[in-house]
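This briefing goes through one protein chain by topic. Please look at the sequence and the structure before reading on.

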Amino acid sequence: MVKAGRLTQRDIAQLAGVSQATVSLVLNDAKAAEGRIPDETRERVLKAIRDTGYVADPIARRMAKGLNRILGVFTYEPAFPSAQADFFLPFLLGIEESAQEHRYDLLLLTGAARTGGRRKIFDENNRLRLADGCVILGRDFDRAELKQLVKGDFPYVAVGRRADAGGPVPYVGADYAKATAELLELAKAKGHSKFAYVGPSKGPESSIDRWDGFNSRLDGAELVLHIGTVGGPAAEVLAAIRASGATVVFFTELADAIVVEAAARSQHLSVPGDLSIVVLGSHVRPAHTGTQFTTFSIPREEMARRATAMLVERIETNSKGGQVLLPCETAEGTTLGPPQTGSVK
């Protein structure tokens, strides 16, 4: 029976029915192992590693051969397709800048699971162990993998707030809850009292934080419409907003705001006169939308820089890391104004 808690090479050896020295040779892919470890034995060791999610103790690795001075960068979604490039690019720039400052190289981990195509940190083809630690990005993390990371000894830091996963997760995130609350207060100050919200109230922490921030300051105002999904037909979304009597709508996704604003203008509605629009988080290239939406700026590069610096500290001092939320700055834009009397039809 393998003991509960953090796994060691001895535990892996016990599971595989081999010596600890054999496990060490397999982990390090040492040339000395060639011809000395049968393929069947090596596969038993690898299976035990895969089944348990074991990650080699970085302290022991440093004692044995020193740091590789390589930081892994893992993203749950592809970082470079055009649909997501704007989201990931500032993070990658911040990671690169901080890694260079601390004299580390970067290893972009792109291995994907063979079934389903979803990327996995602990996929058998992943080269995680080549790095001294890893920065992890993504809109929606795998909770089971987070639990494995929390349980293990491999240094990592998440970009974005993450709820505990069997223990605290070290992260650097943006304070979406406070930024959303401040935008709601701004709308109330302009005279709005009937609100619509288009976006989920559950799911990833970033969605939950926005929803919680919105509800935290709703006193004295009324949520007259909540559409819990994104990407709906613009005409239908606009019709629902107008029928609800809302004078301002909060969108979690810029893409929804763009098409609904266009639909409003096509119906000769004034934005923000007949309908005010707020977007909960800035796009990287807002000029491409043709409209400066009222929103808040997300400090993506600074989040990534701070997360990378925290990771280096974890690697070099064996610290546990921390949990940091950075402020988002309000950008008033041109789509939030006072409601006009008789604007709702």
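Two bridges join strand β4 (residues 156-159) to strand β5, and the two strands run parallel. The model is a predicted one. It has eleven helices and twelve strands in the protein chain. The points below start with β5 and its partners, then turn to a four-stranded sheet, the helices on it, and some backbone details.

**The chain as a whole**

- Of the 345 residues in the protein chain, 48% count as buried.
- The protein chain exposes about 16700 Å², and carbon and sulfur atoms supply 51% of that area.
- Among contacts in the protein chain with a separation of 6 or more, 69% are between residues 24 or more positions apart.

**Strand β5 and its partners**

- In the pairing of β4 with β5, Ala158 stands opposite Tyr171.
- β5 is also joined to strand β11 (residues 323-326) by four bridges, and these two run parallel.
- Ala174 has Leu326 of β11 as its bridge partner.
- In a regular strand, side chains alternate between the two faces of the sheet.
- Strand β5 (residues 171-174) is covered on both faces: Tyr171 and Gly173 are buried on one side, and Val172 and Ala174 are buried on the other.

**The sheet β7-β6-β8-β9**

- Four strands form an open sheet in the order β7-β6-β8-β9, with parallel pairing.
- The edges are β7 (222-227) and β9 (276-279); each has a single partner strand, so one side of each is left without a neighbour in the sheet.
- On average, neighbouring strands of this sheet are turned by 20 degrees against each other, direction ignored.
- Strands of a sheet pair through backbone hydrogen bonds, either parallel or antiparallel.
- Strand β6 (residues 194-198) and strand β8 (residues 248-251) run parallel and are joined by four bridges.
- Within this pairing, Val249 in β8 is the bridge partner of Ala196.
- β8 also pairs with β9 in the parallel sense, over four bridges.
- Phe250 stands opposite Val278 in β9.
- Although β9 stands at an edge, both of its faces are covered: Ser276 and Val278 are buried on one side, and Ile277 and Val279 are buried on the other.

**Helices α7 and α8**

- Which strands does α7 touch where it packs on the sheet? Helix α7 touches β6, β8 and β9, and its direction makes about 170 degrees with that of β8.
- Helix α8 packs on the sheet too, touching β6, β7 and β8; its direction makes about 175 degrees with that of β6.
- The two helices, α7 (residues 176-189) and α8 (residues 205-216), also pack on each other at an angle of about 35 degrees, with their axes 7 Å apart.
- The crossing of α7 past α8 is right-handed.
- On the α7 side the contact is made by Tyr176, Ala177, Thr180, Ala181 and Leu184.
- On the α8 side it is made by Ser206, Asp209, Arg210, Gly213, Phe214 and Ser216.
- The residues of this contact between α7 and α8 divide into five nonpolar, four polar and two charged.
- An α-helix has 3.6 residues a turn, so residues three or four places apart point the same way.

**Helix α1**

- The buried residues of helix α1 (residues 9-16) are Gln9, Asp11, Ile12, Ala13 and Ala16.
- Gly17, just after α1, takes a positive phi of about 70 degrees.

**Backbone details in loops**

- Most residues other than glycine have a negative phi, and most peptide bonds are trans.
- Arg69 is not a glycine, yet it has a positive phi of about 55 degrees.
- Arg69 is found in the loop between α4 (58-65) and β1 (70-75).
- Is Arg69 partly exposed or buried? Arg69 counts as partly exposed because its relative accessibility is 31%, and partly exposed residues lie between the cut-offs of 20% and 50%.
- Asn318 is not a glycine either, and its phi is positive at about 60 degrees.
- Asn318 is found in the loop between α11 (300-317) and β11.
- Asn318 counts as exposed because its relative accessibility is 52%, and the cut-off for exposed is over 50%.
- A cis peptide bond joins Val271 and Pro272, with omega about 20 degrees.
- Pro272 lies in the loop between α10 (254-266) and β9.

How values were computed:
Residues numbered from 1 in each chain as written. Predicted model: local features only at pLDDT ≥ 70, side-chain atom pairs only at ≥ 80, totals over all residues. Heavy atoms only, no water. Axes fitted to C-alpha atoms, helices over the stretch in contact; angles between N-to-C directions. Left-handed = near helix turned anticlockwise from the far one by under 90°. Contact = heavy atoms within 4.5 Å. Nonpolar A, V, L, I, M, F, W, Y, C, P; charged D, E, K, R; others polar. Buried < 20%, exposed > 50% of the residue type's maximum accessible area, 1.4 Å probe, protein only. Areas by Shrake-Rupley, 256 points an atom, 1.4 Å probe, with all protein chains shown as cover. Pairing = 2+ DSSP bridges.
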